[in-house]
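Work through the exercises below with the sequence and the model in view. Each task is followed by a solution in steps.

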Amino acid sequence: MKGSHLFGEPAMKRLFALSFACVAALGTSAALPSTGHAADAPPPLADAHTQYPTSLFEGQWAIMAMSPVTVAANKAFGPAARLLVTLPDSLKKIVGQDRFSLARQSGTSWKGTTADATLTFSLISENSAQIHITGKDNHKMDLPLYRDD
């Protein structure tokens, strides 16, 4: 057998075309974004441009192993708008009070100051938030919250 080959020339051309098609298909699928799990994606986190409506802050917010924090809004708009935050009794014993009136600081954050403490309530996403309390002696407490409605 003169010049014995496992594959003849036509078979080699087909094999080359098949391998080229496979590489092209893999390259295209890797370059395109996957849409199969788009509905399973978590909601986006808040950033500097996020503007949550006041109503999204309202409701019961759970703290692990404690009674929930209650957040209500007054009916005013603009600079007169306030969030009214009521802390559970277990936090009242630590902070020294259980009610705070907060004014809007940004699209994601409200802040209120009393003689003894400053409380900041910030949304991280539509279902998670954080309370940051700073006492008059510069003691600090951060409490992660999740929606409990």
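## Exercise 1: Pairing around β5

Task: Find the partner of K111 in β6, then describe how β5 is joined to the strands on either side.

Solution. Step 1: K111 has T120 as its bridge partner in β6. The model is a predicted one, in which local features need pLDDT of at least 70, side-chain atom pairs count only at pLDDT 80 or more, and totals for chains, interfaces and linings use all residues. Residues are numbered from 1 along each chain as its sequence is written, and side-chain values use heavy atoms, with hydrogens and water left out.

Step 2: Five bridges pair β5 with β6 in the antiparallel sense; two strands count as paired if DSSP finds at least two bridges between them. A hairpin of three residues connects β5 to β6.

Step 3: On the other side, β5 (residues 109-113) pairs with β4 (residues 99-104), antiparallel, over two bridges. Here R104 has W110 of β5 as its bridge partner. The hairpin from β4 to β5 passes through four residues.

## Exercise 2: From strand pairs to the sheet

Task: Follow the pairing on from β6 and state what the eight strands form.

Solution. Step 1: β6 (residues 117-125) and β7 (residues 128-135) run antiparallel and are joined by eight bridges. One of the pairings puts L119 opposite I133 in β7.

Step 2: The eight strands form a closed barrel in the order β1-β2-β3-β4-β5-β6-β7-β8, with antiparallel pairing. Neighbouring strands of this sheet are turned against each other by 30° on average, direction ignored; the axes are lines fitted to C-alpha atoms, for helices over the stretch in contact, and angles run from 0 to 180 degrees between N-to-C directions.

Step 3: The protein has three helices and eight strands, where helices (H or I, at least four residues) and strands (E, at least two) are DSSP runs numbered from the N terminus. Along the sequence the pattern reads α-α-β-β-β-α-β-β-β-β-β.

## Exercise 3: Aromatic pairs

Task: How many aromatic pairs does a search of the whole structure find, and which parts of the chain do two of them link?

Solution. Step 1: The search finds four aromatic pairs. Rings of Phe, Tyr and Trp (its six-membered ring) pair if their centres lie within 6.5 Å; planes under 30 degrees apart count as stacked, over 60 as edge-to-face and the rest as tilted.

Step 2: F57 and W110 are edge-to-face, at 5.8 Å centre to centre and 70° between the planes. This pair links helix α2 (residues 54-57), which holds F57, to strand β5, which holds W110, and the two residues are 53 residues apart.

Step 3: F57 counts as buried because its relative accessible area is 0%, and W110 is buried at 0% as well. The cut-offs are under 20% relative accessible area for buried, over 50% for exposed and partly exposed in between (1.4 Å probe, protein chains only).

Step 4: The ring centres of W61 and F121 are 5.7 Å apart and their planes stand at 75°, so this pair is edge-to-face. W61 lies in strand β1 (residues 59-62) and F121 in strand β6, so the pair ties together parts 60 residues apart in sequence. W61 is buried at 0% relative accessibility, and F121 is buried with a relative accessible area of 0%.

Step 5: Ring pairs link Y52, F57, W61, W110 and F121 into a cluster.
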